[in-house]
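Me: I've got a model open and I'd like to talk it through. Can you take my questions one at a time?

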Amino acid sequence: MEGTLFNIFAGLAVLSALLVVANPLSRNPVTSALFLVTTMISISGLFVLLGAYFLAAVQILVYAGAVMVLFLFVVMLLDLREAARRKLNLVSLAMGILAVGALFLVYKSSLESTYGEAPQQHEVAEEDQTEAKLVKAVGSTRALGQALFSKDKGFLLPFEIVSVLLLVAMVGVILLSRKEPG
Amino acid sequence: MEPTLSHYLLVSGALFAIGLLGVIVRRNLLIIYMSLELMLNAANVALVAMSRFNGNLDGQVMVFFIITVAAAEVSVGLALIVALYRKRQTTDVADLATMKL
């Protein structure tokens with residue numbers, strides 16, 4: 001069951017990611033944006049399979065919701081006509097595919113040499129196991145909140161810094177999108 | 001078949017490679033930006049998988065922060081693209097090769 005769902009979500013994610021980058025039928029950015037939504041939703045399905053329910057919800061809310069709406073908004077705002085289809089530079093295309101393919105093969109073979117033989121050891125260290133049990137017991141959202149906000153080893157300071165970052169981004173965007181800067 | 005850590009890492013690697021390919025090959029600034037998001041998400045998948053199979057929640061906390069930072073990054077980047085388009089009327093990187101606006 002889990003394997004089938006994994007196959008579906010992983011296949012869908014990779015397939016629609018490919019269609020974002022290289023769609024043989026359309027070079028319209030709107031199409032790419034919509035396929036990116038599909039990718040995000042499949043990735044959120046993978047998060048559910050991994051037991052990260054909160055992150056799955058956040059993934060859909062933030063990515064499939066906010067970010068993609070922003071993308072579509074900008075694409076529509078810019079009103080891109082299919083600029084006279086440029087000739088693709090075949091050499092750079094081939095080189096790009098070659099480089100990325102080689103990188104992926106190196107990654108894949110290093111994965112296989114790490115996890116290939118010897119069935120996976122999930123012999124987790126003692127204290128980690130208690131945390132895994134905690135995840136099972138209290139549900140991952142509550143455990144995640146505790147990991148984020150606990151006083152002794154939490155992430156309170158990074159959390160506050162991120163909030164300042166969001167404020168800075170907001171001010172920056174307003175500044176950038178004024179009609180006449182300065 | 002129960003999916004293991006290496007399966008998830010393989011998917012993550014594939015997504016990352018596709019994103020990288022998009023950044024290298026495509027010419028449209030918006031598509032390059034979408035590919036960038038794809039790469040960030042590939043990293044998220046890897047982190048969540050690690051977190052799950054090691055029974056440690058720090059990976060998920062990390063993903064939480066990555067999503068926040070990515071949202072900020074997208075808003076600033078898209079504002080830059082719009083500002084650039086106002087000046088130059090194009091989103092093709094080949095036309096944006098000069099440093100002077």
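Reply: Sure. Keep in mind that this is a predicted model. Fire away.

Me: What pattern does chain B follow along the sequence?

Reply: Chain B has 3 helices and 0 strands. Reading along its sequence, you get α-α-α.

Me: What radius of gyration does chain B have, next to that of a compact globule of 101 residues?

Reply: Start with the box: the C-alpha atoms of chain B fill roughly 50 × 25 × 20 Å along the principal axes. Also, B:Gly55 and B:Leu96 are 41 residues apart along the chain, with 47 Å between their C-alpha atoms. A compact globule of 101 residues would come out near 13 Å, whereas chain B has 17 Å.

Me: How many residues does each chain put into the contact, and which helix of chain A gives the most?

Reply: The contact takes 68 residues from chain A and 61 residues from chain B. On the chain A side, helices 1 to 7 each supply at least two residues. The top contributor there, with 11 residues, is helix 3 of chain A.

Me: How does the side of chain A that touches chain B divide into nonpolar, polar and charged residues?

Reply: Here we're looking at the 68 residues that chain A brings to the contact. They split into 53 nonpolar, 10 polar and 5 charged.

Me: Which helix supplies the largest share of the largest nonpolar core?

Reply: That core has 60 residues, and those with the most contacts inside it are B:Leu15, B:Met34, B:Val45 and B:Val48. Both chains feed it: helix 1, helix 2, helix 3 and helix 6 of chain A, plus helix 1, helix 2 and helix 3 of chain B, each supply at least two residues. The largest share, 13 residues, comes from helix 2 of chain B.

Me: Which residues is B:Leu15 in contact with, leaving aside its neighbours within four places in sequence?

Reply: B:Leu15 is one of the residues with the most contacts inside the core. Within chain B its partners are B:Leu38, B:Asn41, B:Ala42 and B:Val45. From chain A you can add A:Ala13, A:Val14 and A:Ala17.

Me: Helix 1 of chain B: mostly covered or mostly uncovered? How many of its residues are buried?

Reply: Helix 1 of chain B reaches 30 Å from its first C-alpha to its last, close to the 30 Å expected at 1.5 Å a residue. The helix is mostly covered, and the buried count is 16 of its 21 residues.

Me: What covers the buried residues of helix 3 of chain B?

Reply: Helix 3 of chain B has 31 residues and reaches 44 Å, close to the 45 Å expected. Its buried residues include B:Gly59, B:Val63, B:Phe64, B:Leu78 and B:Ile81. Their cover includes helix 2 of chain B together with helix 3, helix 6 and helix 7 of chain A.

Me: Is B:Gly55 buried or partly exposed?

Reply: B:Gly55 sits in the loop between helix 2 and helix 3 of chain B. Buried takes 20 or more other C-beta atoms within 10 Å. B:Gly55 has 19 C-beta neighbours inside 10 Å, so the call is partly exposed.

Me: Which residue just after helix 3 of chain B takes a positive phi, and is it buried or exposed?

Reply: Most residues other than glycine have a negative phi. Just after helix 3 of chain B, B:Gln89 takes a positive phi of about 60 degrees, although it is not a glycine. With 9 other C-beta atoms within 10 Å, B:Gln89 is exposed.

How values were computed:
Residues are numbered from 1 along each chain as its sequence is written. Chains are lettered from A and ligands numbered from 1 in the order in which they are written. This is a predicted model: local features need pLDDT of at least 70, side-chain atom pairs count only at pLDDT 80 or more; totals for chains, interfaces and linings use all residues. Helices (H or I, at least four residues) and strands (E, at least two) are DSSP runs, numbered from the N terminus. The radius of gyration is taken over C-alpha atoms; the globule rule is 2.2 Å times the number of residues to the power 0.38. Two residues are in contact if their C-beta atoms, placed from the backbone, lie within 7 Å. Ala, Val, Leu, Ile, Met, Phe, Trp, Tyr, Cys and Pro count as nonpolar, Asp, Glu, Lys and Arg as charged, and the others, Gly among them, as polar. A nonpolar core is a set of buried Ala, Val, Leu, Ile, Met, Phe, Trp, Tyr and Cys residues joined through C-beta atoms within 7 Å. A residue is buried if 20 or more other C-beta atoms lie within 10 Å of its own, exposed if 12 or fewer, and partly exposed in between; C-beta atoms are placed from the backbone. The expected span of a helix is 1.5 Å times one less than its number of residues.
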